[in-house]
Amino acid sequence: MLEGAPGVGKTEAAKALASVLGRELIRLQCYEGIDASAALYEWKFPRQMLAIRQAGDAYVNLYADEYPIARPLLLALQEPRQRLLLFDEIDRADREFEAFLLEFLSDFTISIPERGTIRAAEPPVVVLTSNRTRELHEALRWRCVYPWIDYTDPALETEIVMMRASTVARATAERVVAAVNRLRAEPLAKPPGVAETVEWAEAATLLAAQGTPWPRAFARAIGVALKDQEHLSFLASRLDALITEAVA
């Protein structure tokens, strides 16, 4: 379970892990109201109805292998060595969905009423990410290895910007990282993450290439770092000073 503030790179960490292991990443984006069918399987009802019509009075197995549509959990159990399962932003899901996951994370099995219990040949690699918008149940936490991911240090974040935004000069990356870290020190509900740092550096570089002078290019591109009117209004009187200090 990777937990941390939004934008620190939890999803990217799961993608990197899948790449290192040489596995297909199966991502399930969690949301309020998500249920077992979205995570486990669904039936191909039109094909089942067609089979009934074609069979007439003869027996037809409506739960044969050709009828279920495998969703992320079932896909991970079917090929545990080839796939990595990611439950992204598990804190957005309901507690009922948490309870549904307990069986899966304990024994890596799932129960399908029409077909019985399906068990993985070996434990698959499963990653859960959480922005900690709500407290997760202890039973779920105890089934996971738990690292907390914080905002990275400026030097490493600069390297990330240089890797992700190849057209950005190192000096620009360093100044943007400094500005972002000053914004993170403010009492904002959603401080800019690493992705916003990269986007801000790219946007400021593009504006500078079009003739906008520094530090005006940073100020004009602020909308890719702060995406809330309340945040912009809160910092309006001090934003120019913050940016000027960061790029001095």
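How do the residues of the lining of the largest pocket divide into nonpolar, polar and charged? Let's work up to that one, keeping in mind that this is a predicted model.

**Exercise 1. Describe the largest pocket and its lining.**

*Step 1: the space.* The largest pocket holds about 630 Å³.

*Step 2: who lines it.* Count 27 lining residues, with Gly-7, Val-8, Gly-9, Lys-10 and Glu-12 lying nearest the centre.

*Step 3: which elements help.* Two or more lining residues come from each of helix H1 (10-21), strand E2 (24-29), H7 and H9. H9 gives the largest share, five residues.

*Step 4: sort by class.* And here's what we were after: the lining has ten nonpolar, seven polar and ten charged residues.

**Exercise 2. Do the same for the second largest pocket.**

*Step 1: the space.* You'll find about 220 Å³ in this one.

*Step 2: who lines it.* There are 14 lining residues, and Met-1, Val-126, Val-127, Leu-128 and Val-145 sit nearest the centre of the pocket. Strand E8 (residues 125-130) gives the most to this lining, namely four residues.

*Step 3: sort by class.* The lining splits into 13 nonpolar, no polar and one charged.

**Exercise 3. Work out how H7 and H9 pack.**

*Step 1: what to look for.* Two packed helices are described by the angle between their axes and by how far apart those axes are.

*Step 2: get the numbers.* Helix H7 covers residues 154-164 and helix H9 covers residues 194-209; their axes are 9 Å apart, at an angle of about 55°.

*Step 3: name the arrangement.* Angles of 35 to 65 degrees fall in the oblique range, so H7 and H9 are oblique to each other. Their crossing is right-handed.

*Step 4: find the contact.* H7 brings Glu-157, Ile-160, Val-161 and Arg-164, while H9 brings Val-194, Thr-197, Val-198, Ala-201 and Glu-202. Sorted by class, this contact has five nonpolar, one polar and three charged residues.

**Exercise 4. Now try H7 with H8.**

*Step 1: get the numbers.* The axes of H7 and helix H8 (residues 170-184) come within 9 Å, and they cross at roughly 125°.

*Step 2: name the arrangement.* H7 and H8 are therefore oblique to each other, and the crossing is right-handed.

*Step 3: find the contact.* On the H7 side you have Pro-154, Glu-157, Thr-158, Glu-159, Val-161 and Met-162; they meet Arg-170, Ala-173, Glu-174, Val-177, Val-180, Asn-181 and Arg-184 of H8. The contact's tally is six nonpolar, two polar and five charged residues.

How values were computed:
Residues numbered from 1 in each chain as written. Predicted model: local features only at pLDDT ≥ 70, side-chain atom pairs only at ≥ 80, totals over all residues. Heavy atoms only, no water. Axes fitted to C-alpha atoms, helices over the stretch in contact; angles between N-to-C directions. Left-handed = near helix turned anticlockwise from the far one by under 90°. Contact = heavy atoms within 4.5 Å. Nonpolar A, V, L, I, M, F, W, Y, C, P; charged D, E, K, R; others polar. 1 Å grid on protein atoms, 1.4 Å probe; cavity = no way out; pocket = protein on both sides within 12 Å on 5 of 7 lines; lining within 4 Å. Points joined across faces, edges and corners; volume = space filled by probe spheres on them. Parallel < 35°, antiparallel > 145°, perpendicular 65-115°, else oblique.
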